[in-house]
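Here are some short exercises to work through with the sequence and the 3D view side by side. Try each task before you read its solution.

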Amino acid sequence: MKKLSSLSGIVSVVTAFCITGICACTDVPTPNGNTHDPLPPPEIEYTVDETLPKSGKDANAPEFYAREVEKVDGSPLEGLTIYWLGSSVTYGASSGGESMAEFLAKKTGSNYKKDAVSGTTIFDDGSAKSESYTRRLTNSVFFDKNARVDAFICQISTNDAISYRLKYRGVVTDETCESKEDFDLSTTLGGVEYIMAYVWETWGCPVYFYSGSYFGDNGSGENRTNGDPSGTNYAKLVEDVKVAVKKWQELGYNVDVIDMFNDEDFNAQVSEEYYRWCVSDPIHPKRAGYLNWWMPYFEQYLTVKLDPRYS
């Protein structure tokens, strides 16, 4: 399996090597052969307007549709192709089927394809009707197996953290397991490893798993809470995915976790009033939540990862 794919033959090699500590990234090669010191990461340009909850506008109002987003000139993501795999959060179950995938593509001029089905899990229950992540990835009618793909983004599904499904969590395999045939698809972590192996074998591009924003447990006294899955159980799933990703990083693969759940600065970008306005529940944003709060986080993250100037 090819471990070190590249964006224009450069970025994935640099990023993967820097993640695993194989090299000290000082001078970064650019497409014209020159070298330079990496630039500091750009600021995340959130567009949260705290006056909106009092405006009477709905967070799913037409002005927040993806078609209304203006394209920026000169985005480092312009022309890149990003694939998204997930369940209701990636689909946009509370936002008319639009999520950060659509908003990011419209703003940056990037290309995207999305395979997202609400209520689905990473683990496969073995039933004939299963629409698990791994089964849809393997048999996807949305993803072109022959395309050039610059990044593959996979949702860490809250559905895998529902209490009665915790028994399907599974374990991370040892470093000898890299082939997609090595993994138990009836478990969540087996599915996570399969996704990394499948994507690398098929497209040779970086794989980024992402979490949702923070929520705690019902009865904890916090403002942002959920019952089942509880924040505790989802937090444990995020950490388990990080363990799987670390294994693959140490093997030299360009994989990572976009962890919004544990990012205190990200979660502090919205007041409690704005938060209640821009989400339908602690798991699912509305259009304004995706557009003004979540999408800028993904834009900055992917810019840093995929633009060699920041590697």
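**Exercise 1.** Which residue just after H3 takes a positive phi?

*Solution.* Some ground rules help before we begin. This is a predicted model, where local features need pLDDT of at least 70 and side-chain atom pairs count only at pLDDT 80 or more, while totals for chains, interfaces and linings use all residues. Residues are numbered from 1 along each chain as its sequence is written, and side-chain values use heavy atoms, with hydrogens and water left out.

Step 1: Find H3, a helix of residues 100-108; helices (H or I, at least four residues) and strands (E, at least two) are DSSP runs, numbered from the N terminus.

Step 2: Look just past H3, where Gly109 has a positive phi of about 80°.

**Exercise 2.** Explain why helix H3 is largely enclosed by the rest of the structure.

*Solution.* Step 1: Learn the classes: buried is under 20% relative accessible area, exposed is over 50%, and partly exposed lies in between (1.4 Å probe, protein chains only).

Step 2: Eight of the nine residues of H3 are buried, so the helix is largely enclosed. Among them are Met100, Phe103 and Leu104.

Step 3: Look for the neighbours in contact (heavy atoms within 4.5 Å). The buried residues of H3 pack against helices H2 (88-91) and H9 (287-306), as well as strands S3 (81-86), S4 (111-116) and S6 (207-210).

**Exercise 3.** Find the partner of Lys236 in a salt bridge, and say how each of the two is covered.

*Solution.* Step 1: Recall the general idea: side chains of opposite charge can pair when their charged atoms come close. A salt bridge here is a side-chain nitrogen of Lys or Arg within 4 Å of a carboxyl oxygen of Asp or Glu.

Step 2: The partner is Asp240, with the closest N and O atoms 2.9 Å apart. Both residues sit in helix H6 (residues 231-250), four residues apart, about one turn of the helix.

Step 3: Lys236 is partly exposed at 45% relative accessible area, whereas Asp240 is buried at 12%.

**Exercise 4.** Is Asp307, which meets Arg309 in a salt bridge, buried or exposed?

*Solution.* Step 1: The N to O distance between the side chains of Arg309 and Asp307 is 2.7 Å.

Step 2: Asp307 has 7% relative accessibility, so this residue counts as buried. Arg309, at 37%, counts as partly exposed.

Step 3: Elsewhere, salt bridges that share partners join Arg169, Lys236 and Asp240 into one network.
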